[in-house]
Amino acid sequence: MFDRLSSLVIALTMIVIAAIFAALTGGDLLAIAIMAIVGCIAAWTVYSALPASIAEPSTAPPSPTTIAPTSLLRHPDFAHWVDQEKEPLLGTADNIVTIANDAAVRLLGRHIVGADVRTAIRHPAATEWLSHIQGGTPLEPVNLVDFPRPGQRWTMRIAALSGSENIIFLSDRSAIDAADRMRSDFVANASHELRTPLAAILGYVETLQEMNGDTDASTRDRFLSIIEREARRMQQLVIDLLSISRVEADRFRRPTTTVDLGAILRTTVAQLGDSEPARAKDVVTRFGDEPALILGDEAQLKQLAHNIVSNAMKYGHADTPVTVELAREGRRIRLSVSDEGDGIAPDHLPRLTERFYRVDEARSRSVGGTGLGLAIVKHISERHQGQLDIESEVGKGTRVSVTFPLVSED
């Protein structure tokens with residue numbers, strides 16, 4: 001299509017050609033004038049009817065346009081990400097909860113969506129912390145002690161978005177705190193357990209030194225026997241500490257070697273009979289020669305059996321049976337050891353596998369206990385996918401049992 005200027009030039013050219021043609025053919029002046037006027041009118045009409053020429057593109061940069069920011073909380077990808085988060089997460093706008101993932105709903109309840117966040121998270125520290133959100137000042141993470149139940153602790157932190165929107169993250173710190181407390185208690189208890197026999201050893205050594213050889217043989221022998229007993233107690237404590245450390249280091253590595261639990265028990269009972277001759281006749285075994293094959297660490301299983309059987313021999317009454325049994329239960333094998341002692345009160349049973357926990361401290365120390373035996377048993381059984389059970393009745397005795405999965409016969 002021609003632009004306006006081109007159309008006008010063409011129209012005028014045609015008029016001039018028409019006028020020249022009329023003059024050559026002998027036309028009069030009036031006819032030529034009328035033809036010229038009509039041609040001009042036609043040219044003007046054509047010029048007026050045609051569209052204007054396309055303007056050249058401007059080199060000036062386009063004026064910026066204001067685009068309203070998109071809410072992150074309403075973006076479908078954000079909702080998809082929120083659902084994949086395992087820890088509680090809340091999205092708020094003007095302090096109203098607009099989105100909550102499944103973990104937050106399980107922790108706080110379904111009613112939190114649409115509620116004020118300060119009522120959704122019911123904790124004094126959280127309420128005070130959330131009241132400063134609108135202040136514009138960056139907020140440090142806050143600890144929620146005894147939230148949502150006594151003994152638990154959560155950490156809350158915030159990520160500020162545009163406008164009045166925020167993302168609130170909740171992290172469970174209960175397990176980490178419990179591990180820290182356990183570590184601190186372990187160090188304190190180990191220090192105490194080592195310090196007690198060490199103080200006795202140093203005290204008797206100093207007494208012997210002050211006597212300058214003036215003491216009689218019986219007194220000296222008595223002091224030396226006490227020193228030996230306390231030194232052996234320290235030695236056993238160090239051995240148990242190293243044992244529990246090794247077991248914990250290996251707890252995530254499943255054993256792959258096939259061992260015979262029956263053979264391990266026979267060896268353990270024989271060794272304890274040699275070291276504890278006074279009670280060797282009291283040990284009763286109830287398992288045959290049939291192999292009880294499990295996947296296990298032979299050294300650790302020997303230690304497990306030694307701890308359980310020796311505990312029964314120490315705390316059971318003299319001249320009463322200590323029964324060691326092996327029994328198949330489907331695809332598992334149960335090792336159980338029973339004694340006829342004083343028994344343990346029900347309120348003590350849940351804590352027996354804690355490190356250094358003793359029902360009767362005086363009696364435990366008198367028989368040489370370190371308070372780590374059942375803790376070691378627990379860790380070894382867990383590594384071998386075993387289930388530890390302790391049953392006891394005051395005045396009748398205690399039964400400790402561990403079930404292990406048998407090696408598949410397929």
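Visitor: How much accessible surface does the protein chain have, and what share of that surface belongs to carbon and sulfur atoms?
Guide: Welcome! Keep in mind that the model you see is predicted. The accessible surface of the protein chain comes to about 24,700 Å². The share that belongs to carbon and sulfur atoms is 57%.

Visitor: What percentage of the residues in the protein chain are buried?
Guide: A residue counts as buried when its relative accessible area is under 20%. The protein chain has 410 residues. Buried residues make up 38% of them.

Visitor: How many helices and strands does the secondary structure of the protein chain come to?
Guide: Have a look along the chain for both kinds of element. The secondary structure comes to 13 helices and 12 strands.

Visitor: What share of the contacts with a separation of 6 or more comes from residues 24 or more positions apart?
Guide: Here we leave out contacts with a separation below 6. Among the contacts that remain, residues 24 or more positions apart account for 60%.

Visitor: In what order do the strands of the open sheet of 5 strands stand?
Guide: The pairing in this sheet is antiparallel. From one strand to the next, the twist averages 30 degrees. Reading across the open sheet, the order is β2-β1-β5-β4-β3.

Visitor: Why is one side of β2 and of β3 left without a neighbour in the sheet?
Guide: Find β2 at residues 96-100 and β3 at residues 142-145. Each has one side without a neighbour in the sheet because each stands at an edge, with a single partner strand.

Visitor: Which residue in β5 stands opposite G91?
Guide: Strand β1 covers residues 89-93, and strand β5 covers residues 165-172. These two strands pair in the antiparallel sense over 5 bridges. Opposite G91 in β5 stands I167.

Visitor: Which strands does helix α3 touch as it packs on the sheet?
Guide: Helix α3 is made of residues 76-84. Its direction makes about 75 degrees with that of β2. The strands touched by α3 are β1, β2 and β5.

Visitor: Is N95 buried or exposed?
Guide: N95 lies in the loop between β1 and β2. Although N95 is not a glycine, its phi is positive, at about 70 degrees. Its relative accessibility is 6%, so N95 counts as buried.

Visitor: Where is D146, and what is its relative accessible area?
Guide: D146 is found in the loop between β3 and β4. D146 is not a glycine, yet its phi is positive at about 60 degrees. D146 is partly exposed, with a relative accessible area of 44%.

Visitor: Which residues does a cis peptide bond join?
Guide: Look in the loop between β3 and β4 (153-160), where P148 is found. The omega angle of the cis bond is about -5 degrees. The residues joined by this bond are F147 and P148.

Visitor: The charged end of R157 sits over the ring of which residue?
Guide: The charged end of R157 is 4.4 Å from the centre of that ring. The ring belongs to F169.

Visitor: How many residues of strand β12 are buried?
Guide: Strand β12 covers residues 397-405 and is mostly covered. Strand β10 (residues 332-339) pairs with β12 in the antiparallel sense over 8 bridges. Strand β11 (residues 387-393) also runs antiparallel to β12, joined by 7 bridges. As for β12 itself, the buried residues number 7 of its 9.

Visitor: Which residue takes a positive phi in the hairpin of β11 and β12?
Guide: In this hairpin, E393 stands opposite G397 in β12. There are 3 residues between the strands. The residue with a positive phi, near 85 degrees, is G395.

Visitor: How far apart are the C-alpha atoms of I333 and F404?
Guide: I333 is found in strand β10, and with a relative accessible area of 3% I333 is buried. Leaving out residues up to four places away in sequence, I333 touches several residues, including V402, T403 and F404. I333 and F404 are 71 residues apart along the chain, while their C-alpha atoms are separated by 5.4 Å.

Visitor: What is the relative accessible area of R332?
Guide: R332 is also placed in strand β10. Leaving aside neighbours within four places in sequence, its contacts include Q385, F404 and P405. R332 is partly exposed, with a relative accessible area of 29%.

Terms used:
Residues numbered from 1 in each chain as written. Predicted model: local features only at pLDDT ≥ 70, side-chain atom pairs only at ≥ 80, totals over all residues. Heavy atoms only, no water. Lys NZ or Arg CZ within 6 Å of the ring centre and 35° of its normal. Buried < 20%, exposed > 50% of the residue type's maximum accessible area, 1.4 Å probe, protein only. Helix = DSSP H or I, 4+ residues; strand = E, 2+ residues; numbered from the N terminus. Pairing = 2+ DSSP bridges. Axes fitted to C-alpha atoms, helices over the stretch in contact; angles between N-to-C directions. Contact = heavy atoms within 4.5 Å. Areas by Shrake-Rupley, 256 points an atom, 1.4 Å probe, with all protein chains shown as cover.
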